[in-house]
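Visitor: I've got the model open and I'd like a close look at how its strands are paired and what packs around them. Could you walk me through that part, with the cut-offs spelled out?

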Amino acid sequence: MSTSHGTTAPRVFTVPPGEPFLDRLAAAVLSSELVPPLPISEPFGLARTTILLPTRRSSRVLTDCFLALGGGATLLPRIRPLGDIDEDEFVLASGNNVEELHLPPAVSTLERDLTLARILLEWSARNPDHLLGHTLTTGPAQSIKLAKSLGQLLAAFETEGLTLDMLGALRDGDYPEHRAAMVDFLSVVQDLLPHEFAQRGVIGALARRNLLLEAEASRLALTLPNVPMIAAGSTGSIPATARLLSAISRLPRGAVILPGLDQDLDDHSWDQLPPQHPQYGLKMLLEKIGIDRQDVRVLPGCRPSRRGRFLSEVMRPAETTELWQAAISSFTSRDLEAATNGLELIPAATHREEALCIAMIMRQVLEEPARQAALITPDRRLARRVASELARWNIFVDDSAGVPLSQTSAGSFAFLLLDASLNKFAPVQMLALLKHPLAAFGFERADLRRRARSFEMVALRGLRPPPGLQGLQNALQNARKGQHRRNGRISEQTWIELDELMIALAERLQPFQAVMDGTDRTSLQTLTEAHLKAAEACAPSDPQGCYLWRGEEGEGLAALFATLIEASSHGPKIEPFLYPSLLREVMAGQVVRPNANQHPRLSIYGLLEARLITSDVIILGGLNEGVWPPESQEDPWLSRPMRAAMGLLSPERRQGLAAHDFVQAMAGQKVYGTWSAKIDGAPATASRWILRLKALLDASRAGHLIASTSPWVAWARMIDDSSTPAVLAIPKPRPATSLRPRRLSVTEIETWIRDPYAIFAKHILKLRRLDELDRIPGPAERGVLVHAALQRFSESYPEALPQDIERTLLACGEAEFADWLEYTDVRSFWWPQFQRMASWFAVVERGLREGVSRSLVELGGRIEVPGPMGPFELTARADRFDIFADGSVRILDYKTGRLPTHKQEQANFSPQLLLEVKMAEHGGFELVGPVDVKEFAYVRLSGGNPPGEIRTAPADDAITDMTMQGLSDLVAAYDDENQPYIPRVRIERQDAELDYDHLSRFREWSSISAVTGTEVVDE
């Protein structure tokens, strides 16, 4: 849309870097020095003034500036956001009637992306052998990702005022095969997308914005309204915006105010500005307005600073850096001192250290009344780290750039519901959902947490339950059946509450699970509505509505889902199990911005939010190459030559915008610049701009001028300094003898010898290790199954063996393994191993039964061992006794793991079977009196190669007596109150993970000893 200009020459001003832009703008407007004043007969002249600014935030701040300068009640100008390259929406500032333009409504970004995703999937189904078709075989989530990048390309076309018809010019170009394939697909989009939009009666959002801007520019150029209109702070990156600015600059009372136009750079360098230069956008804008740089005036009340001149040299185009030598010579020492006064650079070793330095700077600012500080960074992770570090001092600051929606409480709750459904309500996902702050399931929050803890202990810890809600119900029922064994302390009221919880879970989750279990392709609307119904049913609510949709994050999630449902008819139909990945991709990039900062004097800004904003102290964080400036993102659809042929901006243009933000912020009165030497453990380099700045100062022998005057890094390291190890003692608890255990089993005696602290924790502190969540069967369960199968066999045939020992033993195994075969490891590995060991054991068992009159299994036994504090009870449960015809006995112990060595037995480290021998000789076992133990044997059943091993040894009185004497000495030692329970005294392997290592803080005192080379001292 063309515009005709009036006869008034363009009126363009600039606010030099370092000047408070909005304060100077407000002062200039109030002084009537900016535009020709209205006649005296206009008492409401200020109220008739219109000021256009790039962002809503800057509009709010300018209002405060007017109130601060006005000195009383006044009618303010109309301050409106103009909408710049990063703005999501455009608000027409002039009050022009949009309806008169007859513009179609704008299509939402999500509707556009879903439409493109459907086009991508449909096209790939028709072209499975195409390069892009292979890329899309991963599913709709990948199609959404590609649709987003394609949508960005279309947005670039709309921004530049180009049409998709121009893609036809690329078909005859000589491009690589993969780029030509992209052009083939883009031609499909060129044909289909405009047709679809026309049928719906919509247009692209940016295309509509351009039409609005063009219409306003034409109106102003034709009517030349004689009222003040000022456009300030925009760089005119959008062509339509540049044309509007040109029209405003030519109004009788119009003016354009540019942010930080460089008027020091020589003309030769100005003519060669690359897209990544901070002044490139302003140069293009001046060309579109039709004005030379020399004709731009400094805003009244502003003065160029030496910092600005120095930064102009720092950012000099690479093509003319040979002029640096002359520039260095032109800077006197006084010039450099003035240019760097208030500027400090802080290199940090790590991301965390950088965040801590920034937090300390902001904390120090609060020591001075009324002073303000602002962190400006494009690195949102750094911003979150700084906010977290400030919280240690109970200072809470919001990141104005927003928090990813997926990381908010509402967003995470929605995804936890999906994760639980997708994983068939497995224990980990189910607990995460139940313990989320927004979970209620019809109960009060505290009540649900109490029920969830009980549910976790009863049904979710231990072996993985069967999948689905029915699997959880079965796990609960099985736990109740075995409560005498595992859950004896659970009251009947608790079981009732758990039953109520399961009913509530089924009522709220079963309908959603039924939808997610479907196998047919389903519309996004059906999936999203089912998801939302389940989320609302699971979240707390009151007469005012569901808590899930409250607050900024709830409103953001509600808006996203509402848009998704509205746009879902234009998207693809998908299998339900793909919905979570598609939703994650849809939600990626969605942020929730706070309406107001929690702290009145501290702020954290992104680059867009910081534009035109000033503060007493400015911290530029994340000044690392690849972060600030960002890396150039290559277009996955069009190469650089293709983009140039289309008239699209180069990828480096984003770097130019970031560079302009850097210069504007770096020119402040008190500025800190920070960066990290390592990010996520990988080496990182300082920003190219920092390297340039330091190079210029070092060449002028003035590098010391930007050194930090306070040791921020040293202070940051001191806060959590752990270089001097604390004197951490090995725990040596000495409880009263009345508290010490007077009864242990033979299997616990080895624990007592090797790790006495475990006996203290288990029997005195009464602590038991919790079962793992979602645990799959392991060695312990394997041993239980094998023992149970052999026990069943021996109990069935205590005297005479069956004809077919192997088949009978397999039948016993099948009975024990039946309920476990749903586990993959049991079905695929353990059962075949048992089959091999059964074949081996059938042969061995015939030899073992020779001369044996009867076999007894799982015999319980106990004897008393004298001790200084009274008798000590030793208990046992023997795997098997073989009673010979002469009354003598063989004791067998089944092992599915390693067998103890002779050396371990002789050293009294593995006394279990030897103690059972002495117990049998003393008549300690039921069903048999005092007997003569002829021999004992270890039977190892591995199912490997070989499938089994048997090791028999005669009962040596010398060794068994020594073992029994060792136990008596152990009892006597621990009957002394001065004997401590020391952890890990005789551990077989130092790298072994024991149940109570975290309680004894083993990792701490062992690592201190290893690092310092000193012996850890006692408490």
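Guide: Let's start with the open sheet: six strands in the order β3-β2-β4-β5-β1-β6, with parallel pairing. Its edge strands are β3 (78–81) and β6 (297–298), each of which pairs on one side only. Two strands pair here if DSSP finds at least two bridges between them. The strands themselves are DSSP runs (E, at least two residues), the helices are runs of H or I with at least four residues, and both are numbered from the N terminus.

Before going on, some housekeeping: this is a predicted model, so local features need pLDDT of at least 70 and side-chain atom pairs count only at pLDDT 80 or more, while totals for chains, interfaces and linings use all residues. Residues are numbered from 1 along each chain as its sequence is written, and side-chain values use heavy atoms, with hydrogens and water left out.

Now zoom in on β1 (residues 12–15). It pairs with β5 (residues 254–259) in the parallel sense over four bridges. Val12 has Val256 of β5 as its bridge partner, and Val15 stands opposite Pro259 in β5. β1 also pairs with β6, again in the parallel sense, over two bridges; there, Thr14 stands opposite Val298. Both faces of β1 are covered: Val12 and Thr14 are buried on one side, Phe13 and Val15 on the other. Buried means under 20% relative accessible area, exposed means over 50%, and partly exposed is in between (1.4 Å probe, protein chains only).

Over at the β3 edge, helix α2 (residues 56–70) lies across β2 (50–53) and β3, running at about 160° to β3. For such angles, axes are lines fitted to C-alpha atoms, for helices over the stretch in contact, and the angle runs from 0 to 180 degrees between N-to-C directions. Contact means heavy atoms within 4.5 Å.

Next, look at β14 (residues 617–620), which has both faces covered too: Val617 and Ile619 are buried on one side, Ile618 and Leu620 on the other. Strand β8 (residues 373–376) runs parallel to β14, joined by four bridges, and β15 (residues 670–676) is likewise parallel to β14 with four bridges. Ile618 is a handy residue to click on: Ala374 stands opposite Ile618, and Val671 is the bridge partner of Ile618 in β15.

Stay in the neighbourhood of the sequence and find Ser687, in the loop between β17 (682–683) and α27. Ser687 counts as buried because its relative accessibility is 0%. Asn624 is 63 residues away from Ser687 in sequence, yet their C-alpha atoms are 4.4 Å apart. Leaving out residues up to four places away in sequence, Ser687 touches Leu623, Asn624, Glu625, Trp628 and Pro629.

α27 (688–699) turns up again around helix α13 (residues 333–340): along with α11 (306–314), α12 (324–330) and β7 (343–348), it is among the elements covering the buried residues of α13. Those buried residues are Asp335, Leu336, Ala339 and Thr340. They sit on the same side of α13, because they cover an arc of only 115° around the axis, the arc being that of the directions from the helix axis to the C-beta atoms. Facing away from that buried side, Ser333 and Arg334 are exposed. Just after α13, Gly342 takes a positive phi of about 90°.

Finally, here's a helix pair. Helix α18 (residues 445–460) packs on helix α20 (residues 492–516) at an angle of about 100°, with the axes 10 Å apart. That makes α18 roughly perpendicular to α20; under 35 degrees would be roughly parallel, over 145 roughly antiparallel, 65 to 115 is roughly perpendicular, and the rest is oblique. From α18, the contact uses Leu448, Arg450, Arg451, Ser454, Phe455 and Val458, and α20 supplies Thr494, Trp495, Glu497, Leu498, Glu500, Leu501 and Met502. By class, that contact has seven nonpolar, two polar and four charged residues. Nonpolar covers Ala, Val, Leu, Ile, Met, Phe, Trp, Tyr, Cys and Pro; charged covers Asp, Glu, Lys and Arg; the others, Gly among them, are polar.
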